[in-house]
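Student: Could you go through this structure with me? I'd like to talk about the empty spaces inside it and then look at a few residues.

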Amino acid sequence: MTVIHKRLWMKSMSFCWLLTTAIGYAQNIDSLFIKKISNDILTNGKAYDNLKVLCKTVGGRLSGSAQMYKAEAWGITTLKAAGADTTYLQACKVPHWVRGGQDKLTAIYTDAKGKPTKKTVDALSLGNAIGTGNTFVQAPVLLINNFDELEKKKAEVKGKIVFYNYPFNPTYIQPFTAYAEAGVYRRTGPSRAAKYGAVAVIVRSMAGGTDNQPHTGATLYDTTVPKIPCAAIGLQDADWIGQWLASGKKLAFNYQSAAHFLPDTIAHNVIGEIKGSTFPKEIITIGGHLDSWDPAEGANDDGAGCVHAIEVLRTLQAIGYQPKRTIRIVLFANEENGLRGATQYAETGKKTDETFYFGLESDAGSFTPRGFSCMANTAQLEKMQVWIPLLKPYGVYHITPGNAGADVEPLYEKFKTPVAELVPDAQRYFDLHHTRADVFENVHKRELAMGAVNMTALIYLIDTYGL
Ligand SMILES: [Zn+2]
């Protein structure tokens, strides 16, 4: 090695040392700051108390319902209490579907001793479904295990009630993968059966648990075929009815539902902000959806996401962090049966001089956080992944490409804004999702708080270092 080379080598080594030291120093400052965030949330956090008020004083809050407006008022009050410097409502038109009373499903069959039998089956109409009016629908049931079988048996469908018995695939480690696969039977199954003359559809609930809770959720009619009533039943009922029919025995359903639509109405995205000090026009959106299905309190879906988002703002204020960019909390309207709130929010970006800098959503439950799932370009993703060591002590082990939540994804689709979603452990999520069991009592205070810790930490890092 020549002297010059040696000097250059020494110089580059000391530069590397300086750089490593500088990164180490910054990481140390960041880890101390994140610890401060965590300490505040775990000692003074309000997410759990806020969720209790939402669940117990408002309850289920489907678009257009009286509770939806109560929830909007709760949102404004809670955002103000959290320290938002500005709060406002952003109007959007939403569908107004109502269940109209209790759904009634009866299985009619001849039992093993030859006795005619009627058995009540717990059912919930799918969301956005038509009902049976003042009457009922009664017909023999045709078991269909999957869409391939529907095509093979299409000649038998006319005049029947189709029962889709498509199970969650238990071999998928991530229950959301099973949900994505089975969910098409709820969304498109009714119209696919109506195309061949079915008079109603009953689906096995989109779940993998052990109980008998029916799970509602939106169906999506194909407008080119007649709309038919449709409902979900629990897994225990789905199992015995599936086995009964598979063994060649006959069974009919009698189904009554008062579900119907009222005229569209006006709902609001509920918004609260802290103005950015350096780049006030660069908006960091953090949200969950305020609406929920009607059978329960929407505690996990998505009250948890709303209080997570509000907690980010509260914590940054409480520890005296002045954001460079505007931190905007959005409690989105109508995610469950229309996505009109998210659509409206993304549209407004075209009308102002603001840029959507980043979007973060929590809509996958209140359970212990595991990671973040992102829609972003490679450079942005890699930048976020550098922060994983800072988040690991708090339970976030991965930042990976994937879905980013239905309410912030339009920002990526329209503006290429990087967006992400908190990924909690989902093993128990589909025991509760869209059921009567989605109540406050099924949310764990500390698990909920840990979600807020990781979301606040990520927002701090993005605001401080940019993407
Ligand atoms: Zn949700």
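Student: Which residues line the largest cavity?

Tutor: Keeping in mind that this is a predicted model, the largest cavity is lined by Ser-292, Trp-293, Pro-295, Ala-296, Gly-298, Asp-301, His-434, Thr-435 and Asp-438. Sorted by class, that lining has three nonpolar, four polar and two charged residues.

Student: And what volume does the largest cavity have?

Tutor: Its volume is about 60 Å³.

Student: How many cavities of 30 Å³ or more are there in the whole structure?

Tutor: The search finds two of them. The second largest cavity holds about 40 Å³ of space, and the residues around it are Ser-63, Met-68, Glu-72, His-268, Leu-290, Asp-291, Ala-333 and Asn-334. By class, the lining of this second largest cavity has three nonpolar, three polar and two charged residues.

Student: Okay, pockets now. What's the volume of the largest pocket?

Tutor: The largest pocket has a volume of about 1,200 Å³. It is lined by 40 residues, and the ones closest to its centre are Phe-176, Tyr-179, Asp-363, Asn-403 and Glu-421.

Student: Which elements give two or more residues to that lining?

Tutor: Those elements are helix 5 (175-187), strand 14 (369-375), strand 15 (398-401), strand 16 (419-424) and helix 13 (429-432). The largest share, six residues, comes from helix 5. Taken by class, the pocket lining has 15 nonpolar, 15 polar and ten charged residues.

Student: Switching to single residues: where does Ala-406 lie?

Tutor: Ala-406 lies in the loop between strand 15 and helix 12 (409-415). Its C-alpha atom is separated by 8.4 Å from that of Asp-363, although the two residues are 43 residues apart along the chain.

Student: Why does Ala-406 count as partly exposed?

Tutor: Ala-406 counts as partly exposed because its relative accessibility is 26%, and that class lies between the cut-offs of 20% and 50%.

Student: What is Ala-406 in contact with, leaving aside neighbours within four places in sequence?

Tutor: With those neighbours left aside, Ala-406 is in contact with Glu-335, Leu-339, Ala-342 and Glu-361.

Student: Last one: is Asp-237 buried or exposed?

Tutor: Asp-237, which has its place in helix 7 (residues 235-246), is buried, yet it has no salt bridge. The nearest side chain of opposite charge is that of Lys-119, 5.0 Å away, whereas a salt bridge has to be within 4 Å.

Student: So what does Asp-237 touch?

Tutor: Not counting residues up to four places away in sequence, Asp-237 touches Val-121, Asp-122 and Asn-212.

Key:
Residues numbered from 1 in each chain as written. Predicted model: local features only at pLDDT ≥ 70, side-chain atom pairs only at ≥ 80, totals over all residues. Heavy atoms only, no water. Helix = DSSP H or I, 4+ residues; strand = E, 2+ residues; numbered from the N terminus. Buried < 20%, exposed > 50% of the residue type's maximum accessible area, 1.4 Å probe, protein only. Lys, Arg positive; Asp, Glu negative; His and termini not counted. Contact = heavy atoms within 4.5 Å. 1 Å grid on protein atoms, 1.4 Å probe; cavity = no way out; pocket = protein on both sides within 12 Å on 5 of 7 lines; lining within 4 Å. Points joined across faces, edges and corners; volume = space filled by probe spheres on them. Nonpolar A, V, L, I, M, F, W, Y, C, P; charged D, E, K, R; others polar.
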